[in-house]
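Keep your viewer open and your selection tool ready for a short walk among charged side chains. Each stop tells you what to pick and what you will find there.

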Amino acid sequence: MPSSPEPLSLEPRLDVRLASLLGAGEFLPSLVDALGSPLNVLLPDQIAENAARFRAAYGTHRLGGQVYFAHKANRSSALLRRLAATDTAVDVASLGELQHALGAGFAPDRIMATGPKNREFLWLAARTGVTVHADSAGELDELAALARAHQLARIRVLVRLSAFDGPGVKVLTRPSRFGTPAGELDPLLKTVERHADVLELTGVGYHLDTTSPEEKARALEGCVRALDVCRSRGLRPRAVDIGGGFGVNYLAHAAQWERYTSELTAAVLGHRPPLTWRGHGYGLRNDAGTLRGALGLYPAHRPVAGARYLDELLALPAASFGGRSLATLLLENLYDLYTEPGRALVDQCGLVLARVLEVRRTDSGEPLVRLAMKADDAGLEEHGVLMDPVLLGRDGTRAVAGDGPAAGVYLAGSLCLEADLITRRMVFLPRLPRPGELLAFVNTAGYCMDFQTSRAQHQPVARKVAAWQEDSSWRWCLDEQYWPITRPGGEP
Ligand SMILES: Cc1ncc(COP(=O)(O)O)c(C=O)c1O
């Protein structure tokens, strides 16, 4: 039986609340005993804390505006209801999300409808007076027709722009299939003007799927230029919406991430024993000794993420406006800043628990751990986030290095499908898990928890619970039963 290669850990970053939850003894195992595996645990107080950090970044730069939580990152009611009890707003991207936000306590003036929309979604947004972030001129036409047909009040709209470039600019923003290219602003504004009786343009925005602050800075400058054009035509929009994508730092140690990615490259080239299931390369491949492709992974260790990323972005120079900071550019024009953080607002807000069903060996002798969950119940791999789960013993005690010989294992789900692998890489745990123990996939509230869940094979999707601290102990309730009120001694 081969021994595991030298451990290559990717330890998750755990802030105080999540670390305390993992140290709460039998609390987590007893929840799984009662509610089954997999189980999603959410920490509503954390989202309120994260939102306050975003607000503080606005304060640092003396900017007004609004933080809109991109609801799509997690379906939880508890997170949304807790957020509704703060001054944060919400970005909804479907009819269901809009209904959910209204029901969670968000008044329409704290809701913005984004993304491409169907007619029912547009109607409910227009009927309730929600701001609509329009994806295209066609959407503006449809919205205006609805407003006229139903004699609705004038609707506040933002227009989403994309494909920015600008004077003397070297960094171009990447193309997007959403929004209207900034170069087509004129026909877009003509549409707005044609519908002036029913639509009021309040801002322009973008959302870029990139980690690059430079690209985002160019897009922000592009929006300010677009607002100048609006003003020269007599329109009066005041908001710049810079979308989401502020990111999360998932890992505790930069060095582990750097070492892991170099060893993965070495493994793909055959310079070390494999680290992945059947030579999976996460986008890299060995072409007769030459490394080809690109690593298709989320940068799991990010020294600057979340509210700090926003802070640093706002401090960047606006190159095409004489080099003063982006924040100063907004401030001088008295523009409001809108942000739509999803992943970053649910950082440290939850975990997925799964019970170990079986530990066996593959043909080549490597341990394969089968869990009572499906791969889509914790879509870390799907979202390219490589981060180790935490092993909890039957009494909830967290396994730590030195508990036994470290074990490199593959994690499989409970579907009768070769592809149902929770990890396609060898995951290094402090010791070999035993049936009945739990693996906690921490910090998975952003997209990894419920974005892709299915009921394949009639297997259940995870239940959700909300957990919070009261005095020195942990309490919980079902996610749908959580309201941020009946918590003696707790917040708010
Ligand atoms: C329009 C829009 N806003 C905000 C977000 C949230 O992005 P993130 O979760 O990376 O912050 C998305 C994500 O797809 C989006 O499409």
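Start by selecting Arg475, which at 40% relative accessibility is partly exposed (buried means under 20% relative accessible area, exposed over 50%, and partly exposed in between, with a 1.4 Å probe and protein chains only). Now add Glu470: the two residues form a salt bridge, with their closest N and O atoms 3.5 Å apart. The term salt bridge here means a side-chain nitrogen of Lys or Arg within 4 Å of a carboxyl oxygen of Asp or Glu. Unlike partly exposed Arg475, Glu470 is buried, at 9% relative accessible area.

From here, select Asp186, Lys190, Glu193 and Arg233 together, since salt bridges with shared partners join these four into one network.

A word on what you are viewing: this is a predicted model, in which local features need pLDDT of at least 70 and side-chain atom pairs count only at pLDDT 80 or more, while totals for chains, interfaces and linings use all residues. Residues are numbered from 1 along each chain as its sequence is written, and side-chain values use heavy atoms, with hydrogens and water left out.

Next, pick Arg82 and Asp45. Their closest N and O atoms are 3.0 Å apart, and the pair forms a salt bridge. Arg82 sits in helix 4 (residues 77-84) and Asp45 in helix 3 (residues 44-60), so this contact ties together parts that lie 37 residues apart in sequence. (Helices are DSSP runs of H or I with at least four residues, strands are runs of E with at least two, and both are numbered from the N terminus.) Buried or exposed, what is Arg82? Arg82 is buried, at 6% relative accessibility, and Asp45 is buried too, at 14%.

Move on to helix 11 (residues 307-315), where Arg308 and Glu312 are four residues apart and therefore separated by about one helical turn. They form a salt bridge as well, with 3.3 Å between the closest N and O atoms. Arg308 is partly exposed at 46% relative accessible area, and Glu312 is partly exposed at 38%.

How many salt bridges does this rule give? The count comes to 30.

For the last stop, select Cys416, in the loop between strand 16 (407-412) and strand 17 (427-429). The unreviewed UniProt entry places the feature "active site" here, at Cys416; UniProt positions follow the numbering used here, feature names are shortened, and annotations may be inferred rather than shown by experiment. With a relative accessible area of 70%, Cys416 is exposed.
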